[in-house]
Amino acid sequence: MKKLFISFIAMLSVVFFFVSGKGYAEEVNTVQNIDQYIIVENNQFYLNIPKELENSFTEQVKQVLEERNEYIKKNDLIINPVTKKITDKFYHYRFFSINEDTEYYWWGMRHIFYSDWDAKQYAHEMRNAAFLISAGTSVTAALGPLAAGVTGLTSAVVGLIAESVDYNADLDGDGVILDLNWWATFACYPR
């Protein structure tokens, strides 16, 4: 799981440079709006969007869907056609940690913390990860300024996620929901 999460964070930092010039709120809104055009047929995701709405962002979505579909085939996963949640065949028979869960969708992943304490523990781990990543910036600087910039950006994003989770754990509610998507944006709110 840690490898998947580290790979996800690395991918987020690289994708950040290729996202169109829209603002953060606009990009999140676009991901939410595009979901209505994502359909599931034969256990695969498809983008069924009118031609007049196609743009560079929808091309990025098509690329993400291709990658998700390949991953789903390769790992024999199942897509719920209603929720668009990706699971394996034995999802209901597993024993999960009582207080947290991770759900995978076409747009990214949702991490659910069922208690504020668990959310704060996650935020603490993320702060530690941000510190370790930022410590590696000097090492990656030897590879060039772009590598150092990506490492620095990754550290900043991980730190922002930690702060957001910690902040939302202090608000009313029992736990936190953290949505991370493939476009280097995230949403965090009390559960």
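**Two loop residues, a six-stranded sheet and its helices**

Aspartate 76 has a relative accessibility of 45% and therefore counts as partly exposed. The value falls short of the exposed class, which begins over 50%. The structure is a predicted model. Aspartate 76 sits in the loop between H3 and S3. Its phi is positive, about 55°, although the residue is not a glycine.

Lysine 84 also has a positive phi, of about 65°, and is not a glycine either. This residue lies in the loop between S3 and S4. Lysine 84 is buried, with a relative accessible area of 10%. The limit for burial is under 20%.

The strands next to these loops belong to an open sheet. Six strands make up this sheet, in the order S3-S4-S5-S6-S7-S8. Their pairing is antiparallel. The edges are formed by strand S3 (77-79) and strand S8 (186-190). Each has a single partner strand, so one side of each is left without a neighbour in the sheet. From one strand to the next, the twist averages 30°.

Within the sheet, strand S4 (residues 85-88) runs antiparallel to strand S5 (residues 100-105). Two bridges join them. Isoleucine 86 stands opposite tyrosine 104 of S5.

Helices pack on this sheet. Helix H3 (residues 56-74) lies across S3, S4 and S5. H3 runs at about 130° to S3. H6 touches strand S6 (108-113), strand S7 (176-181) and S8. The direction of H6 makes about 15° with that of S8.

H6 also packs against another helix. Helix H4 (residues 116-135) and helix H6 (residues 145-169) meet at an angle of about 165°. Their axes are 8 Å apart. Angles over 145 degrees count as roughly antiparallel. H4 and H6 are therefore roughly antiparallel to each other. The crossing of H4 past H6 is left-handed.

On the H4 side, the contact is made by Asp116, Ala119, Lys120, Tyr122, Ala123, Met126, Arg127, Ala129, Ala130, Ile133 and Ser134. H6 contributes Thr151, Thr154, Ser155, Val158, Gly159, Ile161, Ala162, Glu163, Val165, Asp166 and Ala169. By class, the contact of H4 with H6 comprises twelve nonpolar, five polar and five charged residues.

Technical notes: Residues numbered from 1 in each chain as written. Predicted model: local features only at pLDDT ≥ 70, side-chain atom pairs only at ≥ 80, totals over all residues. Heavy atoms only, no water. Axes fitted to C-alpha atoms, helices over the stretch in contact; angles between N-to-C directions. Helix = DSSP H or I, 4+ residues; strand = E, 2+ residues; numbered from the N terminus. Parallel < 35°, antiparallel > 145°, perpendicular 65-115°, else oblique. Left-handed = near helix turned anticlockwise from the far one by under 90°. Contact = heavy atoms within 4.5 Å. Nonpolar A, V, L, I, M, F, W, Y, C, P; charged D, E, K, R; others polar. Pairing = 2+ DSSP bridges. Buried < 20%, exposed > 50% of the residue type's maximum accessible area, 1.4 Å probe, protein only.
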